[in-house]
Amino acid sequence: MFTGIIEELGTVEALDLLDGDAARLTIRGPKVTEDAGHGDSIAVNGCCLTVVEYGDGLFTADVMSETLKRTSLGGVGKGSKVNLERAVTAHARLGGHIVQGHVDGVGTIASRTPSEHWEEVRIAAAPEILKYVAEKGSIAVDGVSLTVTDVDDATGTFGVSLIPTTLELTVLGSKQIGDTVNLEVDVIAKYVERLLVAGGTK
């Protein structure tokens, strides 16, 4: 489990395709590898990946074809910057919200509106994602825990506000209009829907 508080901007060293249905991703991240071990979980742009090799500030993870198809990781390459977060420990503060690292889908940056102290960003998402997004609720965008400012079902978009720290220390600061981002909705919303459906109230 993660909290959506990015620890480090990592750099992709290699994305090696394996037989066309998987890949091996090597990332430089000195901070997240300082106490890494084989089998540990590290979120990469919000995707929970398992460390298979590590050392000298690098770690390698195997990425399944399902992950490549359903997330933006299939589009990274050597030199790409990525958000990194280690799995939360029991004694850590939950600074963001409960993030599983299980990406629900990909959204697209629809607009960016700078202001004096923050930047308003609108993200387009598919209806099956947008139905779980609520004003003042939480969402993980490329692994970053953010508060939803509004939802516009007519345009299929939602808004978030990015403070200077987020703009400086995560990949969201450099994303351009049209770029894709990984989205993970609040897991509680999905469980509530499942219970309502099972109970015959929906």
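Okay, let's start with the barrel: six strands close into it, in the order 7-8-11-10-9-12, and the pairing is antiparallel. From one strand to the next, the twist averages 45°. Before I go on, please keep in mind that this is a predicted model.

Let's look at one seam of that barrel. Strand 8, residues 119–124, runs antiparallel to strand 11, residues 157–162, and six bridges join them. If you want a place to put your finger, take Glu-120, which stands opposite Ser-161 in strand 11.

Now, what about empty space? Rolling a probe the size of a water molecule over the atoms shows where empty space is left. How many cavities of 30 Å³ or more does a search of the whole structure find? One. Its volume comes to about 50 Å³. And which elements give two or more residues to the lining of that cavity? Those are strand 7, residues 105–114, together with strand 8 and strand 11. Strands 7, 8 and 11 are members of the barrel, as you heard a minute ago.

Let me read you some of the lining. It includes Ile-109 and Arg-112, then Val-121 and Ile-123, then Val-160 and Leu-162, and also Lys-175. By class, eight of the lining residues are nonpolar, none is polar and two are charged.

Staying with strands from the barrel, let's turn to the second largest pocket, with a volume of about 270 Å³. It is lined by 13 residues, and Val-144, Ser-145, Leu-146, Ile-163 and Thr-166 are the ones that lie nearest its centre. Two elements, strand 10 (144–152) and helix 3 (164–169), each supply at least two lining residues. Strand 10 has the largest share, with four residues. The classes here are six nonpolar, seven polar and no charged. Leu-146, by the way, also lines the cavity I just described.

Next stop, strand 3. It covers residues 41–44, and four bridges join it to strand 4, residues 47–55, running antiparallel. In that pairing, Ala-43 stands opposite Cys-48. The two strands make a hairpin with two residues between them, and there Asn-45 takes a positive phi near 50°.

Strand 3 has another partner too: it pairs with strand 6, residues 81–86, in the antiparallel sense over three bridges. Here the pair to look for is Val-44 opposite Leu-84 in strand 6.

Those two strands come up again at the largest pocket. Which elements give two or more residues to its lining? Strand 3 and strand 6. The volume of this pocket is about 330 Å³. There are 17 lining residues, and nearest the centre you find Glu-7, along with Arg-86, Ala-87, Val-88 and Thr-89. The lining splits into seven nonpolar, four polar and six charged residues.

Last item: helix 4. It has twelve residues, 187–198, and at 1.5 Å a residue it should span 16 Å; the end C-alpha atoms are 17 Å apart, so the two agree. What caps the N-terminal end of helix 4? That would be Asp-186, with a side-chain oxygen 3.1 Å from the backbone nitrogen of Ile-188. Past the other end, helix 4 is followed by Gly-200, whose phi is positive, near 75°.

That's the tour. Thanks, everyone.

Note on methods:
Residues are numbered from 1 along each chain as its sequence is written. This is a predicted model: local features need pLDDT of at least 70, side-chain atom pairs count only at pLDDT 80 or more; totals for chains, interfaces and linings use all residues. Side-chain values use heavy atoms; hydrogens and water are left out. Two strands pair if DSSP finds at least two bridges between them. Axes are lines fitted to C-alpha atoms, for helices over the stretch in contact, and angles run from 0 to 180 degrees between N-to-C directions. On a 1 Å grid over the protein atoms alone, a cavity is a set of points where a 1.4 Å probe fits but cannot get out, and a pocket is an open set with protein on both sides within 12 Å along at least five of seven lines; lining residues have an atom within 4 Å of a point. Grid points are joined across faces, edges and corners, and a volume is the space filled by probe spheres set on the points. Ala, Val, Leu, Ile, Met, Phe, Trp, Tyr, Cys and Pro count as nonpolar, Asp, Glu, Lys and Arg as charged, and the others, Gly among them, as polar. The expected span of a helix is 1.5 Å times one less than its number of residues. A polar contact is a pair of N or O atoms within 3.5 Å; within protein, one must be able to donate a hydrogen and the other to accept it, and residues adjacent in sequence count only if both atoms are side-chain atoms.
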